[in-house]
Amino acid sequence: MRTNTFETVKPNKVFLIDTNKQPLNPITPKQARKLLEKNKAAVWRQYPFTLILKTRIEAPLIYPLTLKIDPGSKFTGISILSENEVIWCAELEHRGYQIKESLTSRNQQRRVRRSKIKYREPRFDNRKREKNWIAPSLLHRVQTTENWVNRFIRFCPITEVWLESVKFDMAKIQNPEISG
């Protein structure tokens with residue numbers, strides 16, 4: 001079972017790497033099938049679907065791609081674009097709520113277990129958080145997104161990464177005259 005799932009919106013292009021594992025331009029699924037049928041390429045990864053060429057290409061023409069990320073609390077949208085074309089797009093589903101639930105469950109089980117002990121010394125010295133502490137659910141979101149960005153950089157020639165960051169004041173949207 002995959003903890004982080006992608007739901008694709010449309011047929012995506014297939015990533016292609018050369019014999020030295022350097023990224024090449026993504027190709028259409030039809031071109032990928034032809035390469036596999038002619039035994040000129042082999043499957044390198046299942047997801048994202050990536051092919052590796054069996055023969056070396058001299059000076060391939062590579063065009064730059066842009067990776068765009070739209071983070072959210074439950075889903076993160078990821079798309080790879082050339083100048084005017086969507087190459088690959090998907091939604092990354094996060095496990096933030098599952099992590100929160102498992103931490104709460106673990107805490108409750110610990111309390112039940114410790115309530116059965118007659119006397120236990122109070123332990124307050126080990127309750128301080130580190131200076132740059134981040135909640136585990138948020139840390140998971142950041143690390144998972146970073147992991148997928150690194151994967152895409154390995155499999156296609158990405159030159160730019162755009163990250164959308166927007167803050168909303170929901171109270172202000174509902175009532176524009178609110179202040180404070």
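This is a short walk through a predicted model of a 180-residue protein.

Okay, let's start with the overall layout. We have four helices and nine strands here. Reading from the N terminus, the order is β-β-β-α-β-β-β-β-β-α-α-β-α. So much for the parts list; now the overall dimensions. The radius of gyration is 23 Å, whereas a compact globule of 180 residues would come out near 16 Å. If you box up the C-alpha atoms along the principal axes, you get roughly 75 × 50 × 30 Å.

How much of the protein counts as buried? The figure is 28% of the 180 residues. The exposed surface adds up to about 13,700 Å², and carbon and sulfur atoms supply 51% of that. On contacts, take the ones between residues at least 6 apart in sequence: 60% of these join residues at least 24 apart. And on charge, there are 34 positive and 18 negative charges, with their mean positions 10 Å apart.

Now let's go along the chain, beginning with the loops toward the N terminus. Look at Lys21, in the loop between strand 2, which is 14–17, and strand 3, which is 23–27. Its phi is positive, about 65°, and it is not a glycine. Why do I point that out? Because most residues other than glycine have a negative phi. Is Lys21 buried or exposed? Neither, really: the relative accessibility is 46%, so Lys21 counts as partly exposed.

There's another residue like this a bit further on. Asn39, again not a glycine, has a positive phi of about 60°. You'll find Asn39 in the loop between helix 1, residues 29–37, and strand 4.

That takes us to the next bit, strands 4 and 5. Strand 4 covers residues 41–45 and strand 5 covers 50–53, and the two pair antiparallel over four bridges. One pair to click on is Val43, whose bridge partner in strand 5 is Leu51. The two strands make a hairpin, with four residues between them. Pro48 sits in that connecting loop, and here's the thing to zoom in on: the peptide bond from Tyr47 to Pro48 is cis, with omega near -5°. As a reminder, most peptide bonds are trans.

Next, the part I'd like to spend some time on: strands 6, 7 and 8. Strand 6 is 65–70, strand 7 is 75–81, and strand 8 is 86–93. Strand 7 pairs with strand 6 and with strand 8.

Take the strand 6 side to begin with. The pairing is antiparallel over five bridges, and a hairpin joins strand 6 to strand 7 through four residues. As an example, Asp70 has Gly77 of strand 7 as its bridge partner.

Then the strand 8 side. How many bridges join strand 7 to strand 8? Seven, and the strands run antiparallel. This is a hairpin too, with four residues between strand 7 and strand 8. Ile78 is paired with Ala90 in strand 8, and Ser79 stands opposite Cys89.

What about burial in strand 7? Five of its seven residues are buried, so the strand is largely enclosed by the rest of the structure.

Let's stay on Ser79 for a second, since it lies in strand 7. Its relative accessibility is 17%, and it counts as buried because the cut-off is under 20%. Setting aside neighbours within four places in sequence, Ser79 touches Thr66, Leu67, Lys68, Trp88 and Cys89.

Compare that with Lys74, in the loop between strand 6 and strand 7. Lys74 is partly exposed, with a relative accessible area of 45%. Which residues does Lys74 contact, leaving out neighbours within four places in sequence? They are Leu92, Glu93, His94 and Tyr97. And if you want a distance toward the C-terminal part of the chain, the C-alpha atoms of Lys74 and Ile173 are 21 Å apart, with those positions 99 residues apart along the chain.

To recap what to look at on screen: the cis bond from Tyr47 to Pro48, the positive phi at Lys21 and at Asn39, and strand 7 with five of its seven residues buried. That's my tour of the model.

Key: Residues are numbered from 1 along each chain as its sequence is written. This is a predicted model: local features need pLDDT of at least 70, side-chain atom pairs count only at pLDDT 80 or more; totals for chains, interfaces and linings use all residues. Side-chain values use heavy atoms; hydrogens and water are left out. The radius of gyration is taken over C-alpha atoms; the globule rule is 2.2 Å times the number of residues to the power 0.38. Buried means under 20% relative accessible area, exposed over 50%, partly exposed in between (1.4 Å probe, protein chains only). Contact means heavy atoms within 4.5 Å. Accessible areas come from the Shrake-Rupley method with a 1.4 Å probe; for residues, only the protein chains shown count as cover. Lys and Arg count as positive and Asp and Glu as negative; His and the chain ends are not counted. The place of a charge is taken as NZ of Lys, CZ of Arg, CG of Asp or CD of Glu. Two strands pair if DSSP finds at least two bridges between them.
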